Amino acid sequence: MIVPATVNFLKSKWRLFISAHPLAKGVIAYSIVWPTSSFMQQTLEGRQLKDYDWMRILRFGLFGGLYVAPTLYGWLRVASTMWPQTNLRVGALKAIVEQISYAPFASTSFYFGMSLLEGKGFDAAVAEVKDKFPKTVKIAIFIIPVLQTINFGLIPEPNRILFVSFCSLFWITFLAHMQKNGNNQAQEQPMQKQQLKQFQHHLPVPKNESLVPKVRNALAL
């Protein structure tokens, strides 16, 4: 009897807390989803438990919970205020508007913000956005509008951020792969240049001193 009563008490307190602080639901969800996505991406790379980049997972949790959740919550509230109806037609309209407004902002801020959290400078963060943003948009334009049409058209407003969180688990795993893949390429290029310089350093340098007398003799003729 004690356990069911405790569970019911916690559920009632949770409902009261969420109704009083709706943003907290998104913060909690994204603080779990984002680091989980980073963990999944590293698992797909074939890493062992001892090889995981735990600081990278922590950065994803901080970025998702403290930045993405509030900005997404704000966009969902604005969209629900502008188009309060819940049907597929309005959902498709919201998805189109999001694709040309919030989506570019979200992708840009992801690459820019994660670069800054990794300790890169402003110029490196801008270069990251220029390199990866176009590639991300080419894929997102075929996926995100469909998911958001379902979200805006069929999902009740209180549960929309949870639906987005679930879908984001797989999308953020893709973003983590994109971001990490670009970092590996950026690290390989300086190494390749250094190896080329070392190879050139060991090449035999032709001695041209012997050419000087030959040129003088030719001119004397």
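How do the residues of the lining of the largest pocket divide into nonpolar, polar and charged? In this predicted model, the split is 22 nonpolar, six polar and one charged. The space inside that largest pocket comes to about 500 Å³. A total of 29 residues line it, and the ones closest to its centre are Y102, A106, I144, S168 and W171. The lining draws on a long list of helices: α2 (22-44), α3 (54-82), α4 (88-100), α5 (102-117), α6 (122-140), α7 (144-154) and α8 (160-201) each put in at least two residues.

Stepping back to the whole chain, helices are the thing to look for. The protein has nine helices and zero strands, so to speak an α-α-α-α-α-α-α-α-α pattern when read along the sequence. Of its 221 residues, 35% count as buried. Then there is the matter of who touches whom. Taking contacts between residues at least 6 apart in sequence, 74% join residues at least 24 apart.

Next comes the second largest pocket, which holds about 240 Å³ of space. Its lining is made up of I18, S19, P22, K25, Y73, L76, R77, S80, E157, P158, R160 and I161. Sorted by type, these residues come out as six nonpolar, two polar and four charged. Four helices, namely α1 (2-20), α2, α3 and α8, each supply at least two residues of this lining. The largest share, four residues, comes from α3.

Two of the helices around that second pocket, α1 and α2, also meet each other. Their axes come within 4 Å and cross at roughly 105°. Angles of 65 to 115 degrees count as roughly perpendicular, and α1 and α2 are therefore roughly perpendicular to each other. On the α1 side, the meeting residues are W14, F17, I18, S19 and A20, while α2 brings P22, A24, K25 and I28. The residues of this contact divide into seven nonpolar, one polar and one charged. Some names turn up twice here: I18, S19, P22 and K25 are among the residues of the second pocket's lining, and they also take part in the contact of α1 with α2.

A few single residues help fill in the picture. Is Q41 buried or exposed? Q41 lies in helix α2, and its relative accessibility is 3%. Buried means under 20%, so Q41 counts as buried. Leaving aside neighbours within four places in sequence, Q41 is in contact with R56, T173, A176, H177 and K180.

Over in helix α6 sits I139. With a relative accessible area of 35%, I139 is partly exposed. Once neighbours within four places in sequence are set aside, I139 is in contact with W171 and F174. W171 has come up already, as one of the residues closest to the centre of the largest pocket.

G74 belongs to helix α3 and is partly exposed, at a relative accessible area of 29%. Which residue can be paired with G74 across 51 residues of chain? That residue is L23, and the C-alpha atoms of the two are separated by 9.0 Å.

N87 is found in the loop between α3 and α4. Like the previous example, it has a percentage to go with it: at 29% relative accessibility, N87 counts as partly exposed. What does N87 touch, not counting residues up to four places away in sequence? The answer is F152 and G153. N87 and F152 are 65 residues apart in sequence, yet their C-alpha atoms are 7.3 Å apart in space.

Finally, there is A92, which has its place in helix α4. A92 is partly exposed, with a relative accessible area of 28%. Its C-alpha atom is separated by 9.5 Å from that of N151, and the two residues are 59 apart along the chain.

Key: Residues numbered from 1 in each chain as written. Predicted model: local features only at pLDDT ≥ 70, side-chain atom pairs only at ≥ 80, totals over all residues. Heavy atoms only, no water. 1 Å grid on protein atoms, 1.4 Å probe; cavity = no way out; pocket = protein on both sides within 12 Å on 5 of 7 lines; lining within 4 Å. Points joined across faces, edges and corners; volume = space filled by probe spheres on them. Nonpolar A, V, L, I, M, F, W, Y, C, P; charged D, E, K, R; others polar. Axes fitted to C-alpha atoms, helices over the stretch in contact; angles between N-to-C directions. Parallel < 35°, antiparallel > 145°, perpendicular 65-115°, else oblique. Contact = heavy atoms within 4.5 Å. Buried < 20%, exposed > 50% of the residue type's maximum accessible area, 1.4 Å probe, protein only.
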